[in-house]
Each structure stands twice: as C-alpha cells, then as structure tokens.
Amino acid sequence: MPAVSRQARVGMEDLPMLERSIIGYGSVLSVAPGERIDFKISCEQPGDYEAAFVRLVGGDDPGGAGFREVPVNCEAEGRYPGRHQPIFPGSYAEVTHSEALPGVASFTLHAMVYATTPYKGRQALVGRWDEQACRGFALMLADDGSAGLMLGDGTERILATSVPLEPGRWTMVAATFDAATGNATVYQQPLDGGAGRELSAAPVHVSDHLPSPDDTKAPLRIAAWSGHEGRAGGFFNGKLDSVRWLDAALDREQLECLREAEPAEIAPRSIVGWWDFSRGIETETIVDAGANGHHGTTHQLPTRAVTGWNWSGDEHRWRDAPEQYGAIHFHDDDVVDAAWSTDFSLDVPMDWDSGVYAARIRQGDPEGDEHVVFYVRPPRAGEYGRGQVACAFLVPTASYLAYANYRLRLKPNPLFGSGDPTCVNDAYLKQRPELGASLYDVHSDFSGIHFSSRHRPLTNMRPRQNRIWGLPADMNIIAWLENVGLDYEVITDEDLHEEGARLLGRYRAVLTGSHPEYYSTAMLDGVDEYLRDGGRWMYLGGNGFYWRIAFHPTQPGVIEVRRAEDGTRAWIAQPGEYYQAFDGEYGGLWRRIGRAPNQTVGVGFAAQGFERSAFYRRGPGADNPRARFAFEGVPDEIIGDFGSLGGGASGEEIDRYDRRLGSPAHALVLASATEHDEAMLRTKEEFLSTVPPFRDPKIRSDLVFFETANGGAVFSTGSIAWAGALAHENFTNNVARITENVLRRFADPTPFPPPEAYR
C-alpha cells in the first residue's frame, strides 16, 4: 500500500475553493523583540483582508494536540488592501550595465552548450533580443533544438542548422554576422563523447545573407532574453560555458582557436565580453575576463560548481581546478526569490515572549485563513549568560526549507500512489508550479534541485490544512512544552548557524524537532561544542543530522544540498559535482564525511516506513541507576503503543544505537522498538549490494541516554513519530511522562556524574 494509506485521500472536489486562497511569506523566519519583519501577501480574489497576530501553541492534527492559537495585540494588525503578486521563475544572467555595450555591428557569439531539453522550443543562449519588438540579435536554440541565430529589425529572422543538439552532450555553438556583407553563419560542433559517439560528432554550419538587425535597449542576457514587458523569457535548460562576444565575424578556423584561447591571445579591441563562469563560483556575479569589465549578475540562482565542457574527471573539487568548472546550469523553473513587495510590517513588541507566531490573514471564510509563520527568538545580546534559561526548542527550519513545497508526493509513484492531493495545501501547491519545489524534487530537465529558500511562500510551513510532517508535527512538541509549564524559548537553525554554541550556551537544555535532518558544518560544530561544554541535548526525532548543507554566504535564508555518493534520496548529484558551491565543502551524508549522527546523539538513521508505527519495549537500561530518573512514575513495559503518526511512537523514520558508527560505549539503551511491519525498510547506505527480503534485526529505534563531558547529557528518541504520541489522552501517557522527566532533570543545573561514579 502507498505510504499515505492511513490518511484519507481528499478529492479535489472535497477541498475548499482554491480561488479564495491567500498566501504569503515574511522577510525573515527568526526575529527578536524590537526587530522588524515585513509581510508579503498575494490574494487570488480582489478585496481587503484582515491581518491579526497569534501565538501558535498547537498544530492541527486531530489525533494529536489539535490546532490552538492565542491572539496577541500589536499595532500592525488591521485591514489591508488585497492584491495579486505573481512569481516569475527561470534563471539567467544579465550584464549589469548593458547600456555600455556597443551597438549592432559585425559580431561573433560563441558558447559551449550542454542542452538538457533541446526539444522544448526556442531557448536563448546569449544576446540582446527584444521579443516584443522583434529587434536585436541572439544566439539561440531553434524550435527543433538546433543551433540558431536570431536577428530582428521589426521582423524576426532565424538562421538555424536544422540538426538538433544531442541532450546531455557538450556542443560548441557559434554564430557570426558581417555587417558589411550581410553574411550570417551558424556553427555547431558536437564534442567528443567517447567511441560510441564519434559517428555523430560531425560539425555542421549554415550560411545566408540577412538584413542587419536594429539596435535595441534590451539588456544582454545569458540563458534568457527580454520578453513581455521586459521580463525575462526564452529560458534555456542546461549548462553554458565559455560565453564570448567579439566585434568581428570570425571564420571557422578562428572559432576552433577560440575554444581554448585566453583573452590575452585575442586582439583586445575585438573582445566585447569574455565571460568566465569559473570565477566567483560562490557568488551571484558573472565575471568578464576581458578588458571591458562587462560583469553581470545571475538571477534566481542557477546552479554553479558544475562541470564544464573541459572537465577531465581527474579533479572533483572545484576549488582545485576551477578552470574545469566554468559552467553554469540554468533552469526554466529556478525560483529562490518571489520578489514580492511588502504589504505591511511588524515591529515585534518588546514584551512578546519567545515562541512560534503567525500573521493570520483572513479574507472572508475563516477556513481559508493563511498563517504566515515566524519565530520570535530571544533578544540578541553581546554575551549570553551561561545556562540562563531552562530550555530552548530548536526549530528545524533548515529541514523545513529542504521540504519546502514538496512535490514528489503529487506525482504518481510507487511510494505515494496516484499523486492525488491529501490536504488543502498540497492541492494549492499542485496548481501553482511557480511557487517552486523542494530539495526532493527535480527540475523540468530532471536535474536535481540544489537550492531552497524562505524568500517565497512555503506551503508546508503552515499549521493548518497540512499533512502531519515538519511544522504541524513539531507543534505537538510546542503544545507539550506549554503543558509542562517550564520556561522555554524558541530558536531556529538559522540562528544556530550564525551564532553556534554561544547561543546554545544560554540554555541548560536544548530540544530538537521531530526531524532535524539538514545540518550545516557551523550548526553541527555548534552542537558538539555545546555538548563538550556540559550542555544537555534532547533529540526528539528521527533521521536527524543526516545531510550536510550550506547556507548562502550573502543571501540569508537560502540553503544548498549536494546529494553525493549515497543516502536515501530522490536524485543524485552528477559526477564531479559533489562539492557545494556556497562554501566549497564536500556534500552528502554526514555519515560519509566521518561524522555519523551516532557520534553526537548516540543513534543514527536506520530505516523508514510510513504505513504503521510501532511501540517501544522497555530495556534493562531503564533500570540502571544512571537513567532511573527518566522512568520515574513509568512502570510500563510497553512504551508508546499510541500516537497520531501511524498509531505508535516509533515510526516514519527511525534511528538505532550502533557502536560501529560511533554510538558511545557507555550509552544506555532504555527501550527499543523492533516490531515494525514489512513496509519499514533499512536505509540503503547500509547495504553493499541488493539483498532479498528478510527479517532485519537492524530495523529498530532505540531510546538512548548517555552522559557527556562537564556534567552534560544526551537523550535521544530515535523516531519521528515520538512527537505524535506526546499529546495522547491530554498528555497523560508514558511517552509524555518520560520526556517530561528527562526535560526536568536536564533543566536542573546539577551536573550529571560520569558513569564510573555509579560503580
């Protein structure tokens, strides 16, 4: 059965009217009292809307804590005029001061082209082309996927080779125009791709006499041209390398020399632009290596640190051989910034407590409310007091971004069945491709999506009308914290990335969400330092600390993943493209980088299965004097045979204790869950080859406790479903009691004695 069988499928006809939808996002996710957050709203229907502010203290899972919001007053609440704000996907590069470029004269346009969807229709490569006015010039792919030159003087003229480019193969493409004679030529030369491709490597060229194109004010763009109202259009799918513009019509022999030439080898006055994408890979700048300095900027963050036409396969780290990484992979569906205008702003009142908040946007029926979620963190201080606050809930916002606008389940596949939406937000997402997708999805050319951003509406980060995953699941932890009554604050992954152990040190205990899967190096280093300094860590989830990510160095709120070598994943990075563009670090699983999560939290990803959750069975470790506090008032042998995520506390994705992967030898396994059904399968990185179905003893989740240096400790549940069991019977259950016992002891500043103290 598909993984969503335990949730009732909702037909499109059963969902609320989607045309009434309101959607929005904030300028930041984490904001301190006294700071400002801007809200950007788009309405499908005209008319005003009401903005109010609420504190969220429960998700909308009917089997869990239930949706709960508490109104809070502020000056920003009120009535605002609604408007529709569109999103324009598609990545490209543009020369910043295109007006400084020369007018139309003789020219040569050249690029190395790795087309991924050559048959999708006309696609821009490089040029100054105004599609509305039919003026200017551009090197492009024609409707049939062949290389072409487009010229326009109010009338469009295309000269093309009529030989489609082969998808996934580097091809030299060039076009020349001699203004004195009107002679235009297009060249197309497939590059050697191995013995099996030699017969298809013949060069092609075509010539004709064409009228000179008119000058245009359109900017010079790479991988796009100026479309309707000047917006980018004609997006190219694939990689471009060695993009050149010279002010003379080169012949074929000169073009062959151009392939590997350096700017100094060409007459300086002939070079208009000589763009070298191997420079500034970690930035949004494209560098003109010629003397004119016609630098530019990328838009919607196309993928860099990708192999170029000359990649030999000998080097895999782009910083070691940048000259072999002179390509950019453009996509017609890239979107990291919706670029909406601000509709209203909030200066967070100084008396607001730290917590999970939302701007509630209402236009008519309350069932159609939009909640734009944000997190009020503690004030930013020069130095935080050590152990000043009892505990913090660390919101896994990096994981929320990784799953942002997750579309994989909206396509028919063996895991999720027909792809029919099961909630209002998924239904809305299915009708709105311009919202972009998640790090689990692929682009229209089937290459993996490497980047995700909070600068757009995130349909999964809503507390209502959603699947029980991510934020809705984590709201069960928030509701439980409210029930416990212990002082707590909320911080986010982005805060941890920026401030590290200095921020964590403010708390005697830190609690994770149900699925803290994505961690940057700075984040993981911060956790390690906090634990070495005596911090207490409560890992209340599963499949945590799994993928390494990078945050963009200049665009806060944008993350990158490289799905390298191994791991349970929806796509894999291309050979030679395992190193992150943002920081040059090797991507992939933390386990494959020598830092398995077992080393930090005692357990690591073991298996996943979404049909039915299981229960834990108490183990001998629960009676050890070192951990007896955790089971105070809990004599039960069976733990968590209930919950809103599959009916048990061990499910979805689970982790186990494993000494071989770095679980501490002195750690205590307090309980284990082993009785999962056949849909729970061990994670693929643990197999050296395919294996037949068998009863796998390594498919289990372990409840683990161990002490760390300087009086610290770690408690790990090893299951995403643990959070879904907390609210059972109004928090009067053994899962909630064990978790509260641990939290109260972890919040107690009394140091944990080392294990030998009990001997």
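Mentor: Start with tyrosine 578. It counts as buried, at 17% relative accessibility, because the cut-off for buried is under 20%. Keep in mind that this is a predicted model.

Trainee: Which ring does tyrosine 578 form an aromatic pair with?

Mentor: First, the general idea. A pair of aromatic rings is described by the distance of the centres and the angle of the planes. Here, tyrosine 440 and tyrosine 518 give one case: their centres are 6.3 Å apart, with 85° between the planes, an edge-to-face pair. Tyrosine 578 pairs with tyrosine 586, also edge-to-face, at 6.3 Å centre to centre and 80° between the planes.

Trainee: Where do tyrosine 440 and tyrosine 518 lie?

Mentor: Tyrosine 440 is in the loop between helix H3 (424-430) and strand S29 (451-453), while tyrosine 518 is in strand S32 (residues 518-520), so the pair ties together parts that are 78 residues apart in sequence. Both tyrosines, 440 and 518, are buried.

Trainee: How many aromatic pairs does the count come to?

Mentor: The count is 38 aromatic pairs. Ring pairs can also link up into a cluster: Phe39, Tyr49, Phe53, Tyr80, Phe344, Trp352, Tyr357 and Phe374 are joined this way.

Trainee: Which charged residues sit over rings?

Mentor: Take two cases. Lysine 239 has its charged end over the ring of tyrosine 114, 5.0 Å from the ring centre. Arginine 563 lies over the face of tryptophan 547, and the distance to the ring centre is 4.7 Å.

Trainee: Now pockets. Which residues lie nearest the centre of the second largest pocket?

Mentor: The idea first. Rolling a probe the size of a water molecule over the atoms shows where empty space is left. In this model, the second largest pocket holds about 440 Å³ of space. Its lining has 22 residues, with Tyr114, Lys239, Thr307, Gln574 and Glu577 nearest the centre. Tyr114 and Lys239 are the ring and charge we just met. The lining divides into nine nonpolar, ten polar and three charged residues.

Trainee: How many disulfides does the count come to?

Mentor: A disulfide is a covalent bond between the sulfur atoms of two cysteines. The count here is zero disulfides. Look at the cysteines for burial instead. Cysteine 134 is buried at 18% relative accessible area, and cysteine 391 is buried at 0%.

Trainee: Is proline 697 buried or exposed?

Mentor: Proline 697 is exposed, with a relative accessible area of 59%, because exposed means over 50%. Proline 697 is in the loop between strand S42 (681-682) and strand S43 (701-707). Its C-alpha atom is 9.7 Å from that of arginine 682, 15 residues away along the chain.

Technical notes: Residues numbered from 1 in each chain as written. Predicted model: local features only at pLDDT ≥ 70, side-chain atom pairs only at ≥ 80, totals over all residues. Heavy atoms only, no water. Disulfide = S-S within 2.5 Å. Buried < 20%, exposed > 50% of the residue type's maximum accessible area, 1.4 Å probe, protein only. Phe/Tyr/Trp six-rings, centres within 6.5 Å; stacked < 30°, edge-to-face > 60°. Helix = DSSP H or I, 4+ residues; strand = E, 2+ residues; numbered from the N terminus. Lys NZ or Arg CZ within 6 Å of the ring centre and 35° of its normal. 1 Å grid on protein atoms, 1.4 Å probe; cavity = no way out; pocket = protein on both sides within 12 Å on 5 of 7 lines; lining within 4 Å. Points joined across faces, edges and corners; volume = space filled by probe spheres on them. Nonpolar A, V, L, I, M, F, W, Y, C, P; charged D, E, K, R; others polar.
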